[in-house]
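Grab a coffee and open the viewer. Below are a few short exercises, each with a worked solution to check yourself against.

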Amino acid sequence: MKRFSLFFLIVLCVLHIIQGCKDAGTEIPVSASPPVVQDDSSRFNRDVHPILLANCALSGCHSGSSPQAGFNQETFAGVRAGGATFGTNVIQPGDSSSSSSNNAVGSGIMKMIRNVNNPFGNFRMPLTGPYSTSGLPDSLIVKIGKWIKQGAKNN
């Protein structure tokens, strides 16, 4: 009987060791929540268009059938078409700077909203709306600049 008990004990130990080796490394960790995917892209429809509609594409400004400077900001096509002042250079995909006085370098819209090399004098757009006295806050300007820097896509 002693022999049987010892044999049984050895078999149990061996089975336990084998099972432990078999299970080692196969456990899949379970996370409490899925990983967060950071969307660092800037989108016209989500980030830029709401700013333009609330501050630029207002009645008597850059909207309607006779927008100021021929620059209708109600649609993506209107924004990309530009107007009389900068033409299609109002948005230079990839170049959100406003540092050049040459209309062909730097995005014209950034010159107007930052009042840097503004061809019309010392004022910041928009001229009407909630930011008419202070100009657009930097947080909104950065969103527009980021969209231009990322290619000014219709997204």
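## Exercise 1: Two neighbours on one helix

H49 sits in helix α2, and P50 lies in helix α2 as well. Keep in mind that this is a predicted model.

Task: decide whether H49 is buried or exposed, and find out which residues H49 touches beyond four places away in sequence.

Solution. Start with the accessibility. The cut-off for buried is under 20% relative accessible area. H49 has 15% relative accessibility, so H49 counts as buried. Next, look for its partners. Skipping residues up to four places away, H49 touches F44, Q73, E74 and T75.

Task: now do P50; how does its relative accessible area classify it, and which residues is P50 in contact with outside its neighbours within four places?

Solution. P50 comes out at 38% relative accessible area. Buried needs under 20% and exposed needs over 50%, so P50 is partly exposed. For contacts, leave aside the neighbours within four places in sequence, and you find F44 and N45. As a last check, pick E74: P50 and E74 are 24 residues apart in sequence, and their C-alpha atoms are 9.7 Å apart in space.

## Exercise 2: How two helices cross

Task: work out what class of angle helix α2 makes with helix α5, and which residues make the contact.

Solution. First, get the geometry. The axes of helix α2 (residues 44-55) and helix α5 (residues 138-149) come within 10 Å and cross at roughly 130°. Second, classify the angle. Perpendicular stops at 115 degrees and antiparallel begins over 145, so α2 is oblique to α5. Third, get the handedness: α2 passes α5 in a left-handed crossing.

Fourth, list who is involved. From α2 come F44, D47, V48, I51, L52 and N55, and from α5 come L140, K143, I144 and W147. Finally, sort this contact by class: there are 7 nonpolar residues, 1 polar and 2 charged.

## Exercise 3: Following the rings

Task: how many aromatic pairs does the structure hold, and what kind of pair do F44 and W147 make?

Solution. The count is 3 aromatic pairs. A pair of aromatic rings is described by the distance of the centres and the angle of the planes. For F44 and W147, the centres are 5.3 Å apart and the planes are at 40°, so this pair is tilted. The two rings come from distant parts of the chain, with F44 in helix α2 and W147 in helix α5, 103 residues apart.

Task: repeat this for F76 and W147; which kind of pair is it?

Solution. Here the ring centres are 6.4 Å apart and the planes are at 80°, so the pair is edge-to-face. F76 belongs to helix α3 (residues 76-81) and W147 to helix α5, so the pair ties together parts 71 residues apart in sequence.

Now check burial. F44 is buried. F76 is buried too, with a relative accessible area of 18%. W147, at 1% relative accessibility, counts as buried. Put the three together and F44, F76 and W147 form one aromatic cluster.

## Exercise 4: Zooming out

Task: how many helices and strands does the protein have, and what percentage of its residues count as buried?

Solution. Count the elements: 5 helices and 0 strands. Along the sequence, that reads α-α-α-α-α. Of the 155 residues, 30% count as buried. To finish, consider contacts between residues at least 6 apart in sequence: 41% of them join residues at least 24 apart.

Terms used:
Residues numbered from 1 in each chain as written. Predicted model: local features only at pLDDT ≥ 70, side-chain atom pairs only at ≥ 80, totals over all residues. Heavy atoms only, no water. Axes fitted to C-alpha atoms, helices over the stretch in contact; angles between N-to-C directions. Helix = DSSP H or I, 4+ residues; strand = E, 2+ residues; numbered from the N terminus. Parallel < 35°, antiparallel > 145°, perpendicular 65-115°, else oblique. Left-handed = near helix turned anticlockwise from the far one by under 90°. Contact = heavy atoms within 4.5 Å. Nonpolar A, V, L, I, M, F, W, Y, C, P; charged D, E, K, R; others polar. Phe/Tyr/Trp six-rings, centres within 6.5 Å; stacked < 30°, edge-to-face > 60°. Buried < 20%, exposed > 50% of the residue type's maximum accessible area, 1.4 Å probe, protein only.
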